[in-house]
Structures are given as C-alpha cells and as structure tokens.
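The following explanation guides a new reader through one protein model. Please keep the sequence and the structure in view while reading.

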Amino acid sequence: MLQALKQAWWAPVAALLVVGQLVLAVVTLFADDDADTKAVAFAIALTGALVLAAGLWYRLRTRGLGNALIIVGALFGAFWFWSLVLPVLAIIVVVGVVISEARTRARTAEAP
C-alpha cells in the first residue's frame, strides 16, 4: 500500500479521503436516522471508499482504469458536501488526477 501512496502528490490526500469515507460509513451505522436513510448513507460512504482504494491499487498496474476508479470514488466523497472536508479532499484528488494525466500525455507527445 505504501507504493500506492508514493505514486503521486495527491495520493496521500486520496488515502485521507478513503479514511474519511470509512469513518463516515461507521458513523452512519450509529446514527439515529431511520433504517432506509442509514442503509443508503452507509452504502454510499462504503462504496466510495472501496472504489477509491481500488483505484489507488489498480493505478499501479493499469493507469487508465485506476484513474477512472479514483475519480468515481472521489465523486462519492464529494457527495457529502455538507461535511465540508470530504468535498475539498475530493476536489484536490480529482484535480490531481487530471493534472498528472495531462502531464503524462504531454511528456508522451513530446518524446520522439
């Protein structure tokens, strides 16, 4: 997992987003909401964390698939806009993925 966190400057922020979504999933289990609301909130938070973690893991082998999973997982984190922290982390991750992909394509285009 350390290799996944060393791959780009935004990867540790993505790891924080995974942890934040996991914490949110656990917190929703103990919330006093009705069962349907609790189940949906838990599913959204857990799915976002799992997709984002899978994206970090797959990016080491398959960059395109990893980037897509990271962006989708970050968008699940941006869903919690009232938390204020998770959307900011999600924006940083998405912008970081886009910038790193653009730089990689620019380097590839410049290479003879």
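**Salt bridges and the helix that holds them**

The structure, which is a predicted model, holds two salt bridges. In one of them, the side chains of Glu 101 and Arg 63 meet at 3.3 Å, N to O. Glu 101 lies in helix H5 and Arg 63 in helix H4, so this pair ties together parts that are 38 residues apart in sequence. Arg 63 is partly exposed, because its relative accessible area is 32%.

Glu 101 also forms a salt bridge with Arg 105, where the closest N and O atoms are 3.1 Å apart. Both of these residues, Glu 101 and Arg 105, belong to helix H5 and stand four residues apart, about one turn of the helix. Arg 105 counts as exposed, with a relative accessibility of 59%. Through salt bridges that share partners, Arg 63, Glu 101 and Arg 105 are joined into one network.

Helix H5 itself deserves a fuller description. This helix covers residues 85-110, 26 residues in total, and its first and last C-alpha atoms are 38 Å apart, close to the 38 Å expected at 1.5 Å a residue. Its buried residues are Leu 86, Pro 87, Leu 89, Ala 90, Val 93, Gly 96, Val 97, Ser 100 and Glu 101. The cover over these buried residues includes helix H2 (11-29), helix H3 (35-59) and helix H4 (63-78).

Asn 67 offers a view of this covering from helix H4, where it is placed. Asn 67 has a relative accessible area of 6% and is therefore buried, since buried means under 20%. Leaving aside residues up to four places away in sequence, Asn 67 touches Arg 59, Val 97 and Glu 101. Two polar contacts join its side chain to others: one of 2.6 Å to the side chain of Arg 59, and one of 2.8 Å to the side chain of Glu 101. Glu 101 thus appears both in this polar contact with Asn 67 and in the salt bridge with Arg 63.

What, then, is found at the surface? Ile 91, also found in helix H5, is exposed, with a relative accessible area of 54%. Together with Trp 9, Val 88, Ile 92, Val 95 and Ile 99, Ile 91 makes a nonpolar surface patch of about 530 Å². In helix H2, Leu 16 is likewise exposed, at 52% relative accessible area. The C-alpha atoms of Leu 16 and Arg 63 are separated by 20 Å, and the two residues are 47 residues apart along the chain.

How values were computed. Residues are numbered from 1 along each chain as its sequence is written. This is a predicted model: local features need pLDDT of at least 70, side-chain atom pairs count only at pLDDT 80 or more; totals for chains, interfaces and linings use all residues. Side-chain values use heavy atoms; hydrogens and water are left out. Helices (H or I, at least four residues) and strands (E, at least two) are DSSP runs, numbered from the N terminus. The expected span of a helix is 1.5 Å times one less than its number of residues. Buried means under 20% relative accessible area, exposed over 50%, partly exposed in between (1.4 Å probe, protein chains only). Contact means heavy atoms within 4.5 Å. A polar contact is a pair of N or O atoms within 3.5 Å; within protein, one must be able to donate a hydrogen and the other to accept it, and residues adjacent in sequence count only if both atoms are side-chain atoms. Patches are made of residues with over 30% relative accessible area and no salt bridge: like charges are joined within 9 Å, nonpolar side chains (Val, Leu, Ile, Met, Phe, Trp, Tyr) within 5 Å. Accessible areas come from the Shrake-Rupley method with a 1.4 Å probe; for residues, only the protein chains shown count as cover. A salt bridge is a side-chain nitrogen of Lys or Arg within 4 Å of a carboxyl oxygen of Asp or Glu.
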